[in-house]
Amino acid sequence: MSVFVKIYAHHGWRYYLPLGVVKPEPVTVLPFTAAEYDNNRVWTDRLTGRNLLAYDDIEQTEGIYKIIGNPNALLLNGYRNDDNYPSDGSVNASGLFGNALTMRIKPGQFPDSSMLLCVLYGQKGRNSEKLMIAVENYQIITYYMARNDKDNVKKAETGIYINDSDQWMSIGFNLRSYTDAGLAGVYVNGEYKEVNILPLQQFDQFWIFGLTDGEEAFYEDATIYPFNGAVCDVQVFKSPLSEEEFSAILDKYDDSEDIGAPLTEFETGGELMKMFINVIMPEVPPDPGGDIGNGNGGDNGNSDNVADGNHDIQRPPDDMNIGGSGTERP
């Protein structure tokens with residue numbers, strides 16, 4: 001914990017006065033706002049300007065949507081759908097480096113599915129060691145996979161729950177204890193709780209809201225999905241944080257307010273595309289005796305007005321009454 005103090009001297013004595021807890025400085029900031037979406041910088045670190053997607057991927061808005069009435073957050077993948085299963089997929093990411101993580105989330109309405117919040121990568125291999133931190137039935141849980149042992153994933157429940165409605169949740173994770181790496185503790189609802197799920201043999205880097213590079217993960221034949229829901233204000237810190245430091249970062253938010261489901265422009269019938277159609281009336285009417293593809297010279301066998309070459313097709317007058325008010329849909 002960092003504390004700011006004032007030191008002064010008086011009559012040969014030196015005194016110090018604590019002035020409060022110093023808010024730690026992040027090393028990576030991802031705001032996840034409409035402004036980042038509009039500027040194609042969703043996965044770009046605001047502090048360094050570093051593109052976090054691998055291979056200099058320039059498309060940073062795939063699978064991400066702006067939220068109507070909330071310019072300070074974005075929707076990842078989806079919030080609910082007819083299948084009642086989250087959307088699946090992954091991104092190619094270069095990874096994040098740090099030992100503490102804070103974020104604000106509003107999980108989608110898929111309570112029975114595990115959705116990833118953070119994935120810690122350890123020993124490298126054909127299937128690298130990883131600890132996956134997820135939310136399932138509104139509980140924070142973990143999945144551990146040893147290197148090259150993807151068929152033997154171990155699940156652990158923390159007993160820590162987040163809001164189970166349309167409310168936001170401000171949450172923090174310590175990813176290292178003094179000696180070991182994993183999920184050391186969780187800050188939620190104004191309280192820090194030690195977890196000490198620390199199985200990683202090595203801690204290389206981590207990623208948020210899903211796996212990277214086309215990976216998939218399963219537990220007992222059930223898919224572990226990327227996060228589906230609304231997110232904002234992701235911050236990464238170099239060192240683990242104390243309860244007071246988490247509080248200084250997250251307690252400014254009011255998680256008791258229920259502002260409803262995050263709707264996107266697509267869901268509310270917004271503009272999808274623009275098209276230009278040029279309609280031209282032909283100067284010469286089509287030949288009524290021409291072959292229109294039925295082999296009968298224009299006679300479809302059901303009409304009493306058979307074209308015989310002596311009848312002209314007349315254009316109807318502009319003021320012809322065809323019925324209706326003129327406002328009905330065709």
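**Burial, salt bridges and a charged patch**

In this predicted model, residues 24 or more positions apart account for 63% of the contacts with a separation of 6 or more in the chain. The chain has 2 helices and 17 strands, and 40% of its 330 residues count as buried.

User: Why is lysine 106 called buried?

Analyst: Lysine 106 has a relative accessible area of 1%. Buried means under 20%, so lysine 106 meets the cut-off with its 1%.

User: Where is lysine 106, and what is it in contact with beyond its neighbours within four places in sequence?

Analyst: Lysine 106 is in strand 6 (residues 100–107). Leaving aside neighbours within four places in sequence, the residues in contact with lysine 106 include Tyr79, Asp166, Trp168, Phe227, Ile259 and Pro262.

User: What makes aspartate 38 and lysine 66 a salt bridge?

Analyst: Their side chains meet at 2.9 Å, N to O. The cut-off is within 4 Å, between a side-chain nitrogen of Lys or Arg and a carboxyl oxygen of Asp or Glu, so the pair qualifies at 2.9 Å. Aspartate 38 lies in helix 1 (residues 34–38) and lysine 66 in strand 4 (residues 64–67), so the salt bridge ties together parts 28 residues apart in sequence.

User: Why is lysine 66 called partly exposed?

Analyst: The relative accessible area of lysine 66 is 24%. Partly exposed lies between the buried limit of 20% and the exposed limit of 50%, so 24% falls in that class.

User: How do you know that glutamate 215 and lysine 130 form a salt bridge?

Analyst: The N to O distance between their side chains is 3.5 Å, and the limit is 4 Å. The pair links distant parts of the chain, 85 residues apart: glutamate 215 is in the loop between strand 14 (205–208) and strand 15 (218–219), and lysine 130 is in strand 8 (residues 130–136).

User: Which class, buried or partly exposed, does each partner belong to?

Analyst: Glutamate 215 is partly exposed at 25%. Lysine 130 is buried, because its 4% is under 20%.

User: Why does glutamate 136 count as buried?

Analyst: Its relative accessibility is 16%, and the cut-off for buried is under 20%. The side chain of glutamate 136 meets that of lysine 155 in a salt bridge of 2.8 Å, N to O. Lysine 155 is partly exposed, at 30%.

User: What makes Glu243 eligible for a surface patch?

Analyst: Patch residues need over 30% relative accessible area and no salt bridge. Glutamate 243, in helix 2 (residues 243–250), has 35% relative accessibility. The negative patch is formed by Glu191, Glu243, Glu244 and Asp251.

Key: Residues are numbered from 1 along each chain as its sequence is written. This is a predicted model: local features need pLDDT of at least 70, side-chain atom pairs count only at pLDDT 80 or more; totals for chains, interfaces and linings use all residues. Side-chain values use heavy atoms; hydrogens and water are left out. Patches are made of residues with over 30% relative accessible area and no salt bridge: like charges are joined within 9 Å, nonpolar side chains (Val, Leu, Ile, Met, Phe, Trp, Tyr) within 5 Å. Accessible areas come from the Shrake-Rupley method with a 1.4 Å probe; for residues, only the protein chains shown count as cover. Lys and Arg count as positive and Asp and Glu as negative; His and the chain ends are not counted. The place of a charge is taken as NZ of Lys, CZ of Arg, CG of Asp or CD of Glu. Buried means under 20% relative accessible area, exposed over 50%, partly exposed in between (1.4 Å probe, protein chains only). Contact means heavy atoms within 4.5 Å.
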